[in-house]
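Q: Could you take one part of this model, the places where aromatic rings meet, and look at it closely? After that, I'd like to hear how the surroundings are put together.

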Amino acid sequence: MLIRRAAAQTTTAVLHHLRRFSTAALLQEIDTPVQFYYLDGFPRPDPKYDETIHAIPRVISGKNIAAKERNAGRVPSIVFEAEDGQHGGNKRLISVQTNQIKKLVNHLGQSFFLSRLFELEVRPEFRSDEIVEKVRVLPRKLHLHAGTDAVLNVTFIRAPSSAWLKVDVPLVYRGDDVSPGLKKGSALNIIKRTVKYLCPADIIPPYIDVDLSELDVGQKIVAGDLKVHPALKLLRSKDEAVCKIMGARVSDQRKSK
């Protein structure tokens, strides 16, 4: 995926745009969509993991068909239109390569795989030079076997620049080595591993940094404290806790005396 560098779009301009349009309106097409860019100081996708996902059409669905696809080294998948931020019309049945999806999930991690955009190429056969469809997509759902973690199904949604997508963005906790509370022997209670945002497709964050460096005993970080691109809209309560420094238990305090 092409990573755009931060341009002259200011926070003020973004907030003005968000005030003009309600969430419902943002999910619909507008005549002159605003171009969004990654801003300095916010995470952006690592080009190291840029990859085109290869797929072939699948004519029919069903339990038996899915089993045959998996036996042939393919994962039965679906691509949906992103017209309402999640799914919709223009559904295409496809199959992707098991080894490729497994490699991406293993390298990125499941939650990071589900928050990253990929180019998807559909060909009549995997070795064909003819491209039936080429589109940018976001993995929406990943179904793994409970016992073996084998990839069973993947659902994608199309992600054109005009789309606004609901994304569970992974949280990355940093600063635990200097946190005052943790240095005192308290424990970090991680409450959330991801937080859901409504994101312009062009600036979906690969993760959100959670800074623990100034957190003391009994203090917490809530969703509203997270620093994200101003265009992102939080889809949870801003007061919802994502982590907290828990004080040592009384029994532990006695043992340390």
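**Aromatic pairs and their surroundings**

A: Let's start with F118: its relative accessible area is 1%, so it counts as buried, the cut-off being under 20%. Keep in mind that this is a predicted model. F113 is tucked away as well, because its relative accessible area is 0%.

So how many aromatic pairs turn up in a search of the whole structure? The search comes back with two. One of them brings F36 and W164 together edge-to-face, with 5.6 Å from centre to centre and 90° between the planes. F36 sits in the loop between α2 (23-26) and β1 (52-57), while W164 belongs to strand β7 (residues 164-174), so this pair ties together parts that lie 128 residues apart in sequence. Both partners, F36 and W164, are buried. Then there's the pair of F113 and F118, which is tilted: 5.6 Å centre to centre, with 45° between the planes.

W164 puts us in β7, so the sheet comes next. Four strands make up an open sheet, running in the order β10-β7-β9-β12, and the pairing is mixed. Each of β10 (208-211) and β12 (233-234) has a single partner strand, so these two stand at the edges and one side of each is left without a neighbour in the sheet. If you follow β9 (residues 194-200) across to β12, you'll find the two strands antiparallel and joined by two bridges. Y197 is the residue that stands opposite L234 in β12.

Y197 shows up again in the nonpolar packing. The largest nonpolar core has 34 residues, and L165, Y197 and L226 are the ones with the most contacts inside it. At least two residues of this core come from each of β7, β9, β10 and β13 (241-246). Among the contributors, β7 gives the most, with six residues. A separate core of 21 residues lies apart from this one, and its members include A55, V75, I94 and V105.

V105 leads over to helix α4 (residues 98-108), where the buried residues are T98, Q100, I101, L104, V105 and L108. Right after the helix, G109 takes a positive phi of about 95°.

Q100 is worth a stop of its own. This residue of helix α4 has a relative accessible area of 8%, so it is buried too. What does Q100 touch, leaving aside residues up to four places away in sequence? The list is E51, T52, I53 and H54. With H54 there's a polar approach to point out: a polar atom of the Q100 side chain lies 3.2 Å from the backbone nitrogen of H54.

One more polar side chain deserves a look, and that's R158. You'll find R158 in strand β6 (residues 151-158). Its relative accessible area is 5%, so R158 joins the buried residues. Its side chain makes a polar contact of 3.1 Å with the side chain of E133.

Terms used. Residues are numbered from 1 along each chain as its sequence is written. This is a predicted model: local features need pLDDT of at least 70, side-chain atom pairs count only at pLDDT 80 or more; totals for chains, interfaces and linings use all residues. Side-chain values use heavy atoms; hydrogens and water are left out. Buried means under 20% relative accessible area, exposed over 50%, partly exposed in between (1.4 Å probe, protein chains only). A polar contact is a pair of N or O atoms within 3.5 Å; within protein, one must be able to donate a hydrogen and the other to accept it, and residues adjacent in sequence count only if both atoms are side-chain atoms. Rings of Phe, Tyr and Trp (its six-membered ring) pair if their centres lie within 6.5 Å; planes under 30 degrees apart count as stacked, over 60 as edge-to-face and the rest as tilted. Two strands pair if DSSP finds at least two bridges between them. Contact means heavy atoms within 4.5 Å. A nonpolar core is a set of buried Ala, Val, Leu, Ile, Met, Phe, Trp, Tyr and Cys residues joined through side-chain atoms within 4.5 Å.
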